[in-house]
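Good morning, and thank you for making time for this item. I would ask you to keep the structure in view while I speak, as I shall move from strands to helices and then to single residues.

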Amino acid sequence: MADDGVNTKVEAVSKATTETIELRTEDGGVFDVDKPVAMEFLILKSFYEDEGRVFDKTSIRLPNVKQLELSKVIEYCTRALEFGAKSAAAAGDKDAERMVRQEREGFEAEFVDELSNEMLKELILAVNFLDIKEMLDFLIRSVANRIRNRSVAYVRQFFDIENDFTPQEEDQIHQENAWAFEGVDAD
Amino acid sequence: MDRISELPEPILQQILSLLPMTQGLQTSVLSKRWRHVWTNFPVLEFDRTFFDAKFSNHSDTRESIPERLRKRDELFNFAEQTLLIYRNFKGIRRFTLEISFHDPELASLFDRWIGYLLESNVYELKLGILVLRNREWYNLPGAVLAAKSVTMLTLSNCKLRLPYSDIKLLSLKKLSLVDVYIEDEIFKNLVARCPMIEDMNLSGCCGLKSFEVFGLLKLKSVEVKNNRELEKVEMQVLNLQSFEYSGRYKPCEINLAPCKSLKTLKLCMAAITDEWFHDHFSEFPLLENLALSDCRMLESIRISSHHLKRLLLCRCDFLVEVEIDAPSLCSFKYNGDTIPFSLNSPALLQSDIHFCLSVIDTAWYVQMIEFLSKFNHSKLLTLQSITGKNMVVPNELRESLLPPLYNVKHLKLKIHKPLMSCATEELVDSLLWISPHPETLFIESGFGTKTFKFIYKKLTERREDSCGCGCRSVPIICWRHCLQEIEVENVSEAEERNKLTKFFWKNAKILERIDGLDSEL
């Protein structure tokens, strides 16, 4: 948790000298992000492609994103780009492709293991805002994994969904699809 | 606060698409928003889990047959109702129907469903409709082969038979036919009318005698495996990158020569001759991966290639000689006899060698050691053995022969039947003769991997004292003279630990420490 007014500059550099873009989160974090990684955020890409390269290091404020989330996003996107490059290099060789795939699966499993349910949800919201398709697909798969075959009550609590049906309406839905709700009470 | 429900519909639907259908349906009770999301949901999967879960094997319920039939009808009703709702819905992302049935009357029901389905512009279609009656097939409605929106089509267990009016799959990218009955005419038409196709898989099919593909500029990957009546394979595909064939030893005419962009070629149980192989191989200048397994007509192989990176030669039981000139080769896997072998592969990183069953006598050991010496420059070498016994080189031979793998850094022995294997210290003793100065030694089996990590002292000059291991003839200093420390992992049995400890202390002259073989644990 960052204190207000304290700037923690985080260098997210993977190669030697690449152009970077400065991103500022709503809770005071400042990140220098490699341009190729930042361009994965489609919300930023359109900004750059409209305006052209105006300044070397423009600073952009991201109102809906917090430090913790952004650092995770940068981590994932940086690795995703690396895997993409490895995959392209292995094209046509099924064994090498499989190895890259396995390596990627290993990284993703570890990455998601460390996320609490809350964090996973926050990341989905952040990544949806930043418009990063690949990472969003990954997070959605991870959420589905966590709620698969769980009871309705569990899913409701997981997403914190408010029930806005009247008891009669709810009953009706149950009746219409009785077979789907058989034996579902226990978690 | 629930902000997830505010996300755009496609995202929530994407989550639903990854859940079993019944759970998806249950979400409609969560809130009005979720009900709305489910009602517009474009993925339908009536597969094993859908049907089995509901009307097959519940051990805790004793249902009578009428009860089972009632449930089945309920499910079928639900499926049909849903399909009717989606009939006019643009772009169902994915539809799966996998079912097996006895009752021939059900066929018309499935025909009708497929009809509704095709009206909804499905993208990914998976149909596996198996009739549980001997020699009877479900006849696939011809309209499936004219579905203009389909990008991925997987068909199993059904029959594609004339007459079909109009075959046209203009969006198809990936085609998979598994255990299907398909006639030559239909396949020919099919292949001619899917211009966007990238990936084709034909496995276990009957009826098809000739697999001929021309043009198809986007086709990159083809798999043709275990098709029962296939007699001819003819590929004229310029951009093809990967071709895998498995033939059950049946004679089959194969012509791939026009596929100049081929990078991966895998042939298994193929009746190909030396002549065929050499003629074809020279047609693929870009080939990087080659796998030949169970090709019993091959006797002599000569490979010369600049691009070849990976090579697999397994169980081509009648091979008598192999010559390989491949400067880019980095991975090699072999399963066969100790035949004369010539290898030029300076970039070799890993090798995997499995000597097939044979009479193990002195002559065999001499040949085996000669064979292994060709792989001396491989960084990692894996030896596969059923019991490990054939890797224990007799002592008499150790005195007269040169250790074959003195440059190999990492040596691994994989034992398939560990319960019948010989003692670990016997194996370690022999492996350390075969490779006298390794960095790591692994003995792997179903019970785990025993790891030995060796740390040596840098000796400035050769010790001249004899140690009876014939190491003077080898250009490196053998472990007995310079091994200082050993780190061991996963050696668990007490007797094993004792024997190994004794072995190392007895033989390693400047040994200071062994980690991991302590008797107390």
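**Strands, helices and selected residues**

B:Ile301 has B:Val322 of E19(B) as its bridge partner. I should say at once that the model under discussion is predicted.

That pair belongs to a longer connection: strand E17, residues 300-304 of chain B, is joined to E19(B) by five bridges, and the two strands run parallel. E19(B) also pairs with strand E21, residues 341-344 of chain B, through four bridges, and this pairing is parallel. Within it, B:Glu323 has B:Ser342 of E21(B) as its bridge partner.

How do the side chains along strand E19 of chain B alternate? B:Val322 and B:Ile324 point to one face and are buried, whereas B:Glu321, B:Glu323 and B:Asp325 point to the other and are not buried. As a general matter, side chains in a regular strand alternate between the two faces of the sheet.

Next, an open sheet in chain B. Three strands form it, in the order E10-E12-E14, with parallel pairing. Strand E10 (210-214) and strand E14 (253-255) of chain B are the edge strands, each pairing on one side only. From one strand to the next, the twist averages 5°. E10(B) and strand E12, residues 232-236 of chain B, run parallel and are joined by five bridges. In this pairing, B:Phe211 has B:Val233 of E12(B) as its bridge partner.

I turn now to helix packing. Two packed helices are described by the angle between their axes and the distance between the axes.

In chain B, helix H11 (residues 424-434) and helix H13 (residues 494-507) pack with their axes 9 Å apart, at an angle of about 35°. Which residues make the contact? From H11(B) they are B:Thr424, B:Glu425, B:Val428, B:Asp429 and B:Leu432, and from H13(B) they are B:Glu496, B:Lys499, B:Leu500, B:Phe503 and B:Phe504. Sorted by class, the contact of H11(B) with H13(B) has five nonpolar, one polar and four charged residues.

In chain A, the axes of helix H3 (residues 67-89) and helix H6 (residues 133-147) come within 10 Å and cross at roughly 110°. H3(A) is therefore roughly perpendicular to H6(A), since angles of 65 to 115 degrees count as roughly perpendicular. H3(A) contributes A:Lys72, A:Val73, A:Tyr76, A:Cys77 and A:Ala80 to the contact, and H6(A) contributes A:Glu134, A:Met135 and A:Phe138. The contact of H3(A) with H6(A) has six nonpolar, no polar and two charged residues.

For the setting of that helix pair, chain A has eight helices and four strands. Along the sequence, chain A reads β-β-β-α-α-β-α-α-α-α-α-α. Chain A has 187 residues, of which 43% count as buried. Among its contacts between residues at least 6 apart in sequence, 58% join residues at least 24 apart.

I shall close with three individual residues of chain B.

The first topic is B:Thr96, which lies in strand E2 (residues 94-101) of chain B. Is B:Thr96 buried or exposed? B:Thr96 is buried, because its relative accessible area is 4%, and buried means under 20%. Apart from neighbours within four places in sequence, B:Thr96 is in contact with B:Leu44, B:Glu45, B:Phe46, B:Asp47 and B:Lys126.

The next is B:Thr387, in the loop between strand E23 (380-385) and helix H10 (395-400) of chain B. B:Thr387 also counts as buried, at 14% relative accessibility. Its side chain reaches the backbone nitrogen of B:Lys389 at 3.2 Å. Leaving out residues up to four places away in sequence, B:Thr387 touches B:Ile415, B:Lys417, B:Met420, B:Ser421 and B:Cys422. B:Leu419 lies 32 residues from B:Thr387 along the chain, and the C-alpha atoms of the two are separated by 8.1 Å.

The last is B:Lys414, placed in strand E24 (residues 410-415) of chain B. B:Lys414 has a relative accessible area of 26% and is partly exposed. Not counting residues up to four places away in sequence, B:Lys414 touches B:Thr382, B:Leu383, B:Gln384, B:Ser385 and B:Glu444. From B:Lys414 to B:Leu170, the C-alpha to C-alpha distance is 49 Å, with their positions 244 residues apart in sequence.

Definitions and conventions:
Residues numbered from 1 in each chain as written. Chains lettered and ligands numbered in written order. Predicted model: local features only at pLDDT ≥ 70, side-chain atom pairs only at ≥ 80, totals over all residues. Heavy atoms only, no water. Buried < 20%, exposed > 50% of the residue type's maximum accessible area, 1.4 Å probe, protein only. Contact = heavy atoms within 4.5 Å. Pairing = 2+ DSSP bridges. Axes fitted to C-alpha atoms, helices over the stretch in contact; angles between N-to-C directions. Polar contact = N/O pair within 3.5 Å; in protein donor to acceptor, adjacent residues only side chain to side chain. Parallel < 35°, antiparallel > 145°, perpendicular 65-115°, else oblique. Nonpolar A, V, L, I, M, F, W, Y, C, P; charged D, E, K, R; others polar.
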